[in-house]
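Biologist: Could you take me through one part of this model closely, starting from a single residue and working outward to whatever surrounds it? I would like a connected account rather than a list.

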Amino acid sequence: MSKHIDRLRDDHKEFGLNALNDAFEKDPIKAFQAWFDEACSSEQPEPNAFALSTLNKMSNQPSSRIVYLKELTKGSLVFYTNYESDKAKDIQNSPNVGALFFWPGLQRQIRIQGFASKITAQESDAYFQSRPRSSQIGAWASDQSRHLSSRKELEDKLEALNKKFSGDVERPPFWGGYGILPNRFEFWQGRPSRLHDRIVFDKVNGVWESYRINP
């Protein structure tokens with residue numbers, strides 16, 4: 001183990017949640033939006049990146065990977081991926097997922113639990129058309145999560161697809177968006193002496209209930 005690990009310590013002195021204000025009392029979506037906007041305005045690196053956790057029901061093994069929040073609409077957090085990827089297969093068999101946003105410069109994280117489902121084809125089409133052409137071709141080229149014999153195989157496929165799509169690029173039928181409909185939020189704010197603020201929202205019978213938990 002690295003001799004430097006025990007030196008990596010931050011006592012979290014700059015921020016705090018001293019009271020449950022209106023946003024944190026009533027609406028975690030508004031609270032999420034407020035924190036997300038602050039992460040963007042304070043120039044946190046890749047503020048829309050989050051760790052998505054899924055469960056493989058066959059092996060009972062959880063998996064996590066970084067994906068990007070692209071929309072927050074109708075109370076759902078939307079990300080895009082290949083529908084034949086490992087994460088998509090996990091979601092198909094077990095749609096309960098976890099999401100974790102972490103903004104170290106603000107000493108904040110948000111843990112989310114919820115239910116993932118595909119968004120409409122029309123919504124996926126609209127987003128796909130907003131992507132750069134290179135990303136559109138890349139979506140066609142990648143058989144995500146499957147074996148690849150060499151980098152050259154992928155590059156050759158990309159070259160062939162660039163010739164095939166001389167004009168507009170249609171969305172692949174195996175690529176699109178998921179929306180995560182949350183049923184639990186935990187807002188974590190770093191505080192000194194590891195006595196962090198943790199505010200939880202649970203959705204009970206369609207109503208959000210909030211409370212603090214110990215750090």
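Modeller: Ser124 has a relative accessibility of 1% and therefore counts as buried; since this is a predicted model, that value, like those that follow, describes predicted coordinates. Ser124 belongs to helix α4, which spans residues 121-130, and, leaving aside residues up to four places away in sequence, Ser124 touches Tyr80, Tyr83, Ile119, Arg171, Trp175, Gly176 and Gly177.

One of these contacts, Tyr80, leads to strand β4, residues 76-82. In β4, 7 of the 7 residues are buried, so the strand is largely enclosed by the rest of the structure. On one side of the pairing scheme, β4 runs antiparallel to strand β3 (residues 71-73), to which 3 bridges join it, and Thr73 stands opposite Ser76 there. The two strands β3 and β4 form a hairpin with 2 residues between them, and Lys74 in that turn has a positive phi of about 55 degrees. The strand β4 also pairs in the antiparallel sense with strand β7 (residues 175-189), over 6 bridges, and in this pairing Phe79 stands opposite Tyr178 of β7.

Tyr178 returns us to another contact of Ser124, namely Tyr83. The ring centres of Tyr83 and Tyr178 are 5.3 Å apart and their planes lie at 85 degrees, which is over the 60 degrees required, so the pair is edge-to-face. This pair links distant parts of the chain, with Tyr83 in the loop between β4 and α3 (86-93) and Tyr178 in strand β7, 95 residues apart. Both tyrosines, Tyr83 and Tyr178, are buried, and they belong to one aromatic cluster together with Phe32, Phe36, Phe50, Phe79, Phe101 and Trp103. The ring of Tyr83 also has a charged partner, for the charged end of Lys118 sits over that ring, 4.1 Å from its centre.

Helix α5 (residues 133-141) can be described next, with Gln136, Ile137, Ala139, Trp140 and Ala141 buried in it. The cover over the buried residues of α5 includes α4, the helix that holds Ser124, as well as α6 (151-164) and β7. Trp140 has a charge over its ring too, since Lys164 lies over the face of Trp140 at 5.7 Å from the ring centre.

Another aromatic pair is formed by Phe201 and Trp208, which are edge-to-face at 6.4 Å centre to centre, with 85 degrees between the planes. Phe201 has a relative accessible area of 0% and is therefore buried, while Trp208, at 17% relative accessibility, also counts as buried because the limit is under 20%. Asn205 lies in the loop between β8 (197-204) and β9 (207-212), and at 79% relative accessibility Asn205 counts as exposed; Asn205 has a positive phi of about 55 degrees although it is not a glycine.

As for confidence, the mean pLDDT of the chain is 89, and 88% of its residues reach 70 or more. Over residues 3-9, however, pLDDT stays under 50, and the model has 1 contact beyond four places in sequence for them. Where pLDDT is low, the predicted coordinates should not be read in detail.

Methods. Residues numbered from 1 in each chain as written. Predicted model: local features only at pLDDT ≥ 70, side-chain atom pairs only at ≥ 80, totals over all residues. Heavy atoms only, no water. Buried < 20%, exposed > 50% of the residue type's maximum accessible area, 1.4 Å probe, protein only. Helix = DSSP H or I, 4+ residues; strand = E, 2+ residues; numbered from the N terminus. Pairing = 2+ DSSP bridges. Contact = heavy atoms within 4.5 Å. Phe/Tyr/Trp six-rings, centres within 6.5 Å; stacked < 30°, edge-to-face > 60°. Lys NZ or Arg CZ within 6 Å of the ring centre and 35° of its normal. pLDDT = per-residue confidence, 0-100.
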